[in-house]
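Here are my notes on the model you sent, set out point by point so that each can be checked against the coordinates.

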Amino acid sequence: MGCRTRDERSALLRVVALVGNASQPVVAVLVPDERGRLPGRGAWLHPRPDCLDLADQRRAFPRALRLTRAVDLTQVREWIVQH
Ligand SMILES: [Zn+2]
């Protein structure tokens, strides 16, 4: 999604939005789905900071995940930094 180049699924990280986060109703918290098994719509990107930043700048996450709320990428960013 970020850099718009196609790749094998094994080279990409799936990201999903956590649902039912009542403590932060105005923000959709996005989390990495390492095993590709979490339910709901997923967005795929390269697990690299540049790809994440591009996707964020293009507001690709709300579009891909059909979200109307602002997205919180903290957990995805931390995961990428650690891997
Ligand atoms: Zn990419």
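1. Which residues does Cys-3 touch, not counting residues up to four places away in sequence? The model is a predicted one, and in it Cys-3 touches His-46, Cys-51 and Leu-54. Cys-3 itself is placed in the segment before β1, the strand of residues 13-17, and one of its contacts, Cys-51, belongs to the buried residues of α1.

2. Is Cys-3 buried, exposed or partly exposed? Cys-3 counts as partly exposed because 14 C-beta neighbours lie inside 10 Å, whereas burial would require 20 or more. As for separation along the chain, Cys-3 and Arg-58 are 55 residues apart, and their C-alpha atoms are separated by 10.0 Å.

3. Two arginines deserve a look at their backbone angles. Arg-4, which is also in the segment before β1, has a phi near 70 degrees, a positive value in a residue other than glycine. Arg-4 counts as exposed, because it has 11 C-beta neighbours inside 10 Å. Arg-59, found in the loop between α1 (49-57) and α2 (60-65), likewise is not a glycine and has a positive phi of about 55 degrees, a value that it takes just after α1. With 12 C-beta neighbours inside 10 Å, Arg-59 therefore counts as exposed, given that the limit for this class is 12 or fewer.

4. What is the order of the strands in the sheet? The sheet is open and has 4 strands, arranged as β3-β1-β2-β4 with mixed pairing. Its edge strands are β3 (43-45) and β4, each of which pairs on one side only. On average, and with direction ignored, neighbouring strands of this sheet are turned by 35 degrees against each other.

5. The mixed pairing can be followed strand by strand. As general background, strands of a sheet pair through backbone hydrogen bonds, in either the parallel or the antiparallel sense. Here β1 pairs with β2 (residues 27-33) in the antiparallel sense over 4 bridges, and within this part of the sheet Ala-17 has Leu-30 of β2 as its bridge partner. On the other hand, β2 and β4 (residues 70-72) pair in the parallel sense over 3 bridges. For that pairing, Ala-28 has Val-71 of β4 as its bridge partner, while Val-29 is matched with Asp-72, also in β4.

6. Which helix lies across β1, β2 and β4? That helix is α3, residues 74-82, and it runs at about 25 degrees to β2.

7. Helix α1 has two sides that can be told apart by burial. Its buried residues are Cys-51, Leu-52 and Ala-55, and, seen down the axis of α1, these buried residues fall within an arc of 100 degrees, so they line one face of the helix. The general background is that an α-helix has 3.6 residues a turn, so residues three or four places apart point the same way. The face of α1 turned away from the buried side carries the exposed residues Pro-49, Asp-50 and Gln-57.

8. Against which elements do the buried residues of α1 pack? They pack against β3, α2 and α3. Taken with the first point, this gives two views of Cys-51: it is among the buried residues of α1, and it is touched by Cys-3 from the segment before β1.

Terms used
Residues are numbered from 1 along each chain as its sequence is written. This is a predicted model: local features need pLDDT of at least 70, side-chain atom pairs count only at pLDDT 80 or more; totals for chains, interfaces and linings use all residues. Two residues are in contact if their C-beta atoms, placed from the backbone, lie within 7 Å. Two strands pair if DSSP finds at least two bridges between them. Axes are lines fitted to C-alpha atoms, for helices over the stretch in contact, and angles run from 0 to 180 degrees between N-to-C directions. The arc is that of the directions from the helix axis to the C-beta atoms.
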